[in-house]
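User: Could you take me through this model step by step, with the cut-offs behind each term spelled out?

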Amino acid sequence: LLQELGSSVREIIFPRGKKHTSSTARQKQQSRAIEFLQGVFPILRWGRDYKASKFKNDLMAGLTLASLSIPQSIGYANLAKLDPQYGLYTSVIPPLIYAIMGSSREIAIGPVAVVSMLLSSMIAEIQDPLADPVAYRNFVFTVTLFAGTFQALFGLFRLGFLVDFLSHASIVGFMGGAAIVIGLQQLKGLLGISHFTTKTDVVSVLHSAFTSIDHPWSPLNFVLGCSFLIFLLFARFIGRRNKKLFWFPAIAPLVSVILSTLIVFLTKADKHGVKIVRHIKGGLNRSSVHDLQLSGPQVGQAAKIGLISAIVALTEAIAVGRSFASIKGYYIDGNKEMLAIGFMNIAGSLSSCYVATGSFSRTAVNFSAGCQTLVSNIVMSITVLVSLEVFTRLLYYTPTAILASIILSALPGLIDIRGAYYIWKVDKLDFIACIGAFFGVLFASVEIGLLAAVTISFARILLNAIRPGIEALGRLPRADVYCDMNQYPMAVKTPGILAVRINSALPCFANANFIRERILRWVTEEVNEIKESTEGGIKAVILDVSNVMNIDTAGILALEELHKELLVHEAQLAIANPKWQVIHKLRLAKFIDRIGRGWIFLTVSEAVDACVSSKLTALANC
């Protein structure tokens with residue numbers, strides 16, 4: 001285990017294929033030390049070639065990114081049921097850590113809507129944010145620490161496949177359901193409702209919204225929020241129609257915050273029912289080391305929520321990073337990304353931040369603004385830090401309806417109707433996973449939606465494993481190639497010989513009996529057909545195991561039972577093109593001795609020729 005771990009760490013940290021040609025041991029040690037540092041901190045590699053021309057692009061991209069990040073971070077903190085400054089804190093430390101350790105050039109790090117909603121919905125069931133906001137905040141920091149730890153461990157142990165359990169179809173459904181739930185929750189901010197449900201299912205949210213109409217609410221709040229929502233959606237539309245105006249939707253949220261704050265301040269609208277943010281604590285991120293709750297009965301719950309949020313955050317970040325990396329033509333190592341994201345969240349949990357990840361909307365803005373490297377994240381982080389020091393007092397009169405409008409304007413990017421239609425058109429089982437995640441989030445909870453998506457994906461995998469494809473093979477005319485007869489109707493069967501291909505990487509306890517019964521059923525059907533037409537029957541069954549990577553004891557027992565059944569029908573079993581793992585286990589089980597070493601072949605064609613020769617020899621002897 002220690003050797004495997006060491007090998008895993010070396011693969012992540014040290015560049016592949018790097019050879020040491022130094023003549024002395026000291027030079028080799030220095031070279032490996034440099035490789036280690038460059039592997040852990042990629043900025044040391046690309047930073048050496050950084051030029052002033054790149055900084056000009058990164059500076060403009062970072063400032064544009066900050067103009068979008070500041071209002072969004074405040075809104076997402078509100079969505080996570082935290083004070084506004086914690087959203088801004090999350091846009092300072094994690095981007096700096098990722099800029100040092102990350103490998104994606106375009107990704108924009110910070111708080112995102114889905115993770116914010118995930119945390120607020122799951123943690124609110126354990127710790128009430130209204131009854132004890134300090135305990136709720138500390139629990140969020142603890143969850144962030146666990147999330148970062150899990151993410152770093154995933155990268156260290158190369159467990160990236162765990163993220164893949166959330167398939168593309170599941171993510172499409174989950175994001176769509178989460179976007180609708182987040183949008184409905186913003187009715188509280190738009191209507192200025194004081195008492196609103198903490199549940200996330202659509203039925204509870206709609207019920208709370210309708211019942212709250214009887215209670216006092218502010219029409220001015222609604223008018224102000226909807227007016228700026230229309231402006232934000234219009235800016236988004238303009239930016240999509242004209243790519244050169246990408247900066248317009250990027251600065252629109254900040255413009256909305258400034259204008260709405262001025263309107264409320266000049267008209268004294270806060271005295272007429274418009275709810276405002278009020279005090280935002282400025283200054284640098286304070287240490288939260290002593291706020292972490294690493295003992296007590298709720299540590300297990302914090303670890304569970306941390307694991308779920310870690311997987312969701314990684315899924316979004318890696319998907320965003322890889323999509324933009326493919327456009328630029330470079331590759332991102334998923335395990336290194338997990339390591340970088342994990343360490344940035346660990347550092348964030350110690351500096352009053354909650355779970356951060358890559359944002360698709362902000363990454364698209366960063367990309368459109370012409371960013372060249374991760375320096376744009378550093379510029380954005382410094383700009384947010386300056387805002388914390390200087391401008392937070394000016395946001396006292398910012399209406400909460402504007403924060404709701406900013407969140408609502410970002411939600412259309414999470415609903416991928418074209419993607420859902422594409423999934424439906426291509427693969428109906430994938431669409432079931434998509435719909436399961438969508439309705440799970442919409443009508444139950446975030447956890448149920450994720451559980452439904454993973455369960456349906458697992459069920460599909462199990463279905464394919466339990467009932468693998470088994471093909472009857474025939475020879476193509478004027479060739480020695482044997483193909484599936486359903487796919488190639490012109491393929492011809494060899495009389496008296498049944499050639500079968502097993503399309504399972506692992507014949508095991510879950511599918512071995514299905515494979516054996518399916519082959520025996522074919523043998524019986526062939527025997528009945530031949531008896532009706534001519535005398536004779538199946539003399540040989542050839543198993544093409546070229547797709548079989550390995551086999552367990554249950555699979556070997558099924559082969560032995562198949563061999564015995566075929567002997568009853570006076571038929572010989574032959575095996576074609578086995579992998580070395582398979583032939584090794586068959587030899588250890590002495591199965592090869594039972595069927596005869598002469599009945600193992602390299603190709604199906606050789607096996608058929610041998611069976612035909614054996615059949616002719618038997619007829620001659622008769």
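The questions and answers below go from the domains to the sheet, then to the cores and some single residues.

Analyst: This is a predicted model, in which local features need pLDDT of at least 70 and side-chain atom pairs count only at pLDDT 80 or more, while totals for chains, interfaces and linings use all residues. Residues are numbered from 1 along each chain as its sequence is written, and side-chain values use heavy atoms, with hydrogens and water left out.

User: What separates the centres of domain 1 and domain 2?

Analyst: The domain assignment of the protein chain gives domain 1 as 57-459 and domain 2 as 470-621, with bounds that come from an automatic or database domain assignment. Taken over C-alpha atoms, the separation of the centres of domain 1 and domain 2 is 56 Å.

User: In what order do the 6 strands of the open sheet stand?

Analyst: Strands here are DSSP runs of E with at least two residues, and helices are runs of H or I with at least four residues, numbered from the N terminus; two strands pair if DSSP finds at least two bridges between them. The pairing in this open sheet is mixed: β3 (residues 469-475) and β5 run antiparallel, joined by 5 bridges, whereas β5 (residues 497-503) and β6 pair in the parallel sense over 5 bridges. The order of the 6 strands is β4-β3-β5-β6-β7-β8.

User: Why is one side of β4 and of β8 left without a neighbour in the sheet?

Analyst: The 6 strands form an open sheet. β4 (482-484) and β8 (600-601) stand at its edges, so one side of each is left without a neighbour in the sheet, because each has a single partner strand.

User: Which residue takes a positive phi in the hairpin of β3 and β4?

Analyst: β3 and β4 run antiparallel and are joined by 3 bridges, with L473 standing opposite D484 in β4. Between the strands of this hairpin there are 6 residues, and the one that takes a positive phi, near 60°, is R478.

User: How many residues of strand β6 are buried?

Analyst: Buried means under 20% relative accessible area, exposed over 50%, and partly exposed in between, with a 1.4 Å probe and protein chains only. In a regular strand the side chains alternate between the two faces of the sheet. In β6, A540, I542 and D544 point one way and V541 and L543 the other way, and all are buried. For strand β6 (residues 540-544), which is mostly covered, the count is 5 of its 5 residues.

User: What is the handedness of the crossover from β6 to β7?

Analyst: β6 and strand β7 (residues 572-576) run parallel, joined by 5 bridges, and A540 stands opposite Q572 in β7. The chain crosses from β6 to β7 through helix α23 (residues 553-568). A crossover is called right-handed if, with the strands pointing away from the viewer, the path from the first strand over the helix to the second runs clockwise; this β-α-β crossover is right-handed.

User: Which helix gives the most to the largest nonpolar core?

Analyst: A nonpolar core is a set of buried Ala, Val, Leu, Ile, Met, Phe, Trp, Tyr and Cys residues joined through side-chain atoms within 4.5 Å. Of the 113 residues in the largest nonpolar core, Y98, L119, I123 and F174 touch the most other members. With 14 residues, the helix that gives the most to this core is α14 (residues 299-328).

User: Against which helices do the buried residues of α18 pack?

Analyst: Helix α18 (residues 400-410) is mostly covered, with 11 of its 11 residues buried, among them I402, L403 and I406. On the contact criterion, heavy atoms within 4.5 Å, these buried residues pack against α4 (52-79), α9 (168-185), α10 (187-191), α12 (219-241) and α13 (247-267).

User: What separates the C-alpha atoms of V112 and E316?

Analyst: V112 has its place in the loop between β1 (109-110) and α7 (113-123), and V112 is buried, with a relative accessible area of 4%. Leaving aside neighbours within four places in sequence, V112 is in contact with Y76, E316, T357, G358, S359 and R362. Although V112 and E316 are 204 residues apart along the chain, the separation of their C-alpha atoms is 9.6 Å.

User: Which residues is S387 in contact with, leaving aside its neighbours within four places in sequence?

Analyst: S387 has its place in helix α17 (residues 375-390) and is buried, with a relative accessible area of 10%. Leaving aside neighbours within four places in sequence, the contacts of S387 are I70 and T392.
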